[in-house]
Amino acid sequence: MSVAVSPNASGFGAAITGVDLKKPLPEAAQQAIRDAWFAHGVVWFPNQPLEHADLERVTGYFGPFGQDPFVKTMDDHSHIIEVRRQPRERASVFGAAWHSDWSFLPTPPAATLLHAKIVPSTGGDTLFADGAAAYDALDPDMQRKLRSLRAVHSAAGPYAPEGFYANEGEQRSMKILPSADARKRHLHPVVRVHPGTGRPTLFVNRVYTVAIDGLDERESKALLEFLASHTTQERFVYRHVWSKDMLIVWDNRRVQHCATGGYDGQERLMHRTTVAGEVPQAA
């Protein structure tokens, strides 16, 4: 078994081949995969027809399971979420705005794994944005300013009882679990240091970052809009095209992502797990 890593030209994102994830991997192979994940932010494994137990085992290569609030997991596999959209579904595409998974938690997840079970013939790509490259591209004065700031994160927008997911009702095949807990707020540094690489990375997003601590509302909105637009410029974005049985793993500490639609009338099914992270530390 030989782990082969094929990065994108930008260095952001890489395909990994040469491994069979249905079989337990030796520690050396696991470490090679983690090293590629750290180096490239997003890694994917084509042609991996995994069962639930396989996905759970592979998740463990990256760390312990993380929390998955506000969305129902599978009855018999409490760490797996079915990200499903039916052909006639009218609800909005789940995750169709730029975000870092569960950044509103006190300890946001380190990784998300997504395994493709049913892939539509058109549409359904996932966009990824590189927060480390986006930080590097800022001028030094802006970098210094941002390193001194903290941002307010909350899940209220989608998951509070009045949130936009909470009010789609039976239109959505996934079961959303709205809660007043979604209104809780947590502060995280605007620029966090990645614990595995030491690289500083922008850690704000459109869905869950609601304010900059210490700034008035106008200044806060303007800065968040600037950072959101800056981070999602084409030069920092990788568009991922799915195929059946593909597994992808991304690093929520560095990467934002956004689901796309374009497959109305077709079914799409993914199985998702998360890996526990750590309290974000300022760069």
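User: Which residue in E12 does leucine 127 stand opposite?

Analyst: Happy to look at this with you; keep in mind that the model is predicted. Strand E6 covers residues 126-130, and four bridges join E6 to E12 in an antiparallel run. Across from leucine 127, in E12, stands arginine 239.

User: What is the order of the strands in the open sheet of three strands?

Analyst: Strands of a sheet pair through backbone hydrogen bonds, either parallel or antiparallel. In this open sheet the pairing is antiparallel. Strand E12 (237-240) and strand E14 (255-259) are the edge strands, each pairing on one side only. The order is therefore E12-E6-E14.

User: By how many degrees are neighbouring strands of this sheet turned against each other on average?

Analyst: Here direction is ignored, and the value is an average over neighbouring strands of the sheet. That average turn is 20°.

User: Are the buried residues of helix H2 on the same side or on opposite sides of H2?

Analyst: Helix H2 spans residues 52-60, and its buried residues are Asp54, Leu55, Val58 and Thr59. An α-helix has 3.6 residues a turn, so residues three or four places apart point the same way. The buried residues of H2 cover an arc of only 140° around the axis, so they lie on the same side.

User: Which strands are included in what covers the buried residues of H2?

Analyst: Let's turn to the neighbours of Asp54, Leu55, Val58 and Thr59, the buried residues of H2. What covers them includes strand E5 (111-118), strand E13 (247-251) and strand E15 (268-275).

User: Are phenylalanine 70 and tyrosine 159 stacked or edge-to-face?

Analyst: A pair of aromatic rings is described by the distance of the centres and the angle of the planes. For phenylalanine 70 and tyrosine 159 the centres are 5.4 Å apart, with 20° between the planes. Planes under 30 degrees apart count as stacked, so this pair is stacked.

User: How many residues apart in sequence are the parts that this pair ties together?

Analyst: Phenylalanine 70 lies in the loop between H2 and strand E4 (81-85), whereas tyrosine 159 is in helix H5 (residues 156-159). The pair therefore ties together parts whose separation in sequence is 89 residues.

User: Is tryptophan 102 buried or exposed?

Analyst: Tryptophan 102 also pairs with tyrosine 159, edge-to-face, at 5.9 Å centre to centre and 65° between the planes. Buried means under 20% relative accessible area. Tryptophan 102 has 1%, so tryptophan 102 is buried.

Notes:
Residues are numbered from 1 along each chain as its sequence is written. This is a predicted model: local features need pLDDT of at least 70, side-chain atom pairs count only at pLDDT 80 or more; totals for chains, interfaces and linings use all residues. Side-chain values use heavy atoms; hydrogens and water are left out. Buried means under 20% relative accessible area, exposed over 50%, partly exposed in between (1.4 Å probe, protein chains only). Helices (H or I, at least four residues) and strands (E, at least two) are DSSP runs, numbered from the N terminus. The arc is that of the directions from the helix axis to the C-beta atoms. Contact means heavy atoms within 4.5 Å. Rings of Phe, Tyr and Trp (its six-membered ring) pair if their centres lie within 6.5 Å; planes under 30 degrees apart count as stacked, over 60 as edge-to-face and the rest as tilted. Two strands pair if DSSP finds at least two bridges between them. Axes are lines fitted to C-alpha atoms, for helices over the stretch in contact, and angles run from 0 to 180 degrees between N-to-C directions.
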